[in-house]
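Biologist: Hello! Could you take a close look at one part of this model for me, the packing of a pair of helices, and then tell me what lies around it?

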Amino acid sequence: MRSDAVLFLIIQNGSASIELPPGMPAFGGLLTEDQIASLIRYIRDFCRSKSRIDASRDTAGDQEW
Ligand code: HEM
């Protein structure tokens, strides 16, 4: 998993800035540093979210995520 700092760089400067394929455009000119930090918290929230189906599977104890 990429660190928050790396996600920050990808959003601010684009994927090419850390030598990934250049598909992700830079948003540094559009978003403040606080807005980028908020986006990273928002993206991370998806990892903590569970769909109803996943939540029911949790009772079986076989889901790592
Ligand atoms: C504010 C809006 C956006 C945010 C917060 C965002 C965020 C991100 C992040 C965090 C990654 C890295 C994912 C990873 O590999 O761990 C990523 C990758 C990528 N994004 Fe965005 N993105 C946004 C908008 C866009 C837009 C508008 C495009 C296309 C026009 C785009 C295209 C891509 C592509 C193609 C990648 C893969 C880059 C690569 O690995 O080469 N993104 N994005």
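Modeller: Gladly; I will begin with the whole chain, move to the helix pair, and then visit the ligand and a few single residues.

This is a predicted model, so local features need pLDDT of at least 70 and side-chain atom pairs count only at pLDDT 80 or more, while totals for chains, interfaces and linings use all residues. Residues are numbered from 1 along each chain as its sequence is written.

The protein has three helices and zero strands (helices are DSSP runs of H or I with at least four residues, strands are E runs with at least two, and both are numbered from the N terminus). Along the sequence the pattern is α-α-α. Of its 65 residues, 3% are buried, that is, they have 20 or more other C-beta atoms within 10 Å of their own, where exposed stands for 12 or fewer and partly exposed for anything in between, with C-beta atoms placed from the backbone. Taking contacts between residues at least 6 apart in sequence, 27% join residues at least 24 apart; a contact requires the two C-beta atoms, placed from the backbone, to lie within 7 Å.

Now to the pair itself. Two packed helices are described by the angle between their axes and the distance between the axes. The axes of α1 and α2 come within 10 Å and cross at roughly 120° (each axis is a line fitted to C-alpha atoms over the stretch in contact, and the angle, from 0 to 180 degrees, is taken between N-to-C directions). The two helices are therefore oblique to each other, since angles under 35 degrees count as roughly parallel, over 145 as roughly antiparallel, 65 to 115 as roughly perpendicular and the rest as oblique. The crossing of α1 past α2 is right-handed, meaning that the near helix is turned clockwise from the far one by less than a right angle. On the α1 side, the contact is made by D4, L7, F8, I11 and Q12, and on the α2 side by I36, L39, I40 and I43. By class, these are seven nonpolar, one polar and one charged residues (nonpolar: Ala, Val, Leu, Ile, Met, Phe, Trp, Tyr, Cys and Pro; charged: Asp, Glu, Lys and Arg; polar: the others, Gly among them).

The ligand brings some of these names back. Its shell is R2, L7, I10, I11, S15, L20, P21, G23, M24, P25, F27 and L39, each having a C-beta atom, placed from the backbone, within 6 Å of the molecule. Helix α1, residues 4–13, gives the most to this shell, with three residues. The shell divides into nine nonpolar, two polar and one charged.

A few single residues complete the tour. V6 sits in α1 and is partly exposed because it has 13 C-beta neighbours inside 10 Å; its C-alpha is 8.2 Å from that of I18, twelve residues along the chain. In the loop between α1 and α2 we find E19, a non-glycine residue with a positive phi of about 65°. For comparison, most residues other than glycine have a negative phi. E19 is exposed because 7 other C-beta atoms lie within 10 Å. G28 belongs to the loop between α1 and α2 and, with 16 other C-beta atoms within 10 Å, is partly exposed. Leaving aside residues up to four places away in sequence, G28 touches Q12 and N13. Finally, E33 is in α2, residues 33–48, and counts as exposed because it has 10 C-beta neighbours inside 10 Å. E33 and I11, 22 residues apart in sequence, are 10.0 Å apart from C-alpha to C-alpha.
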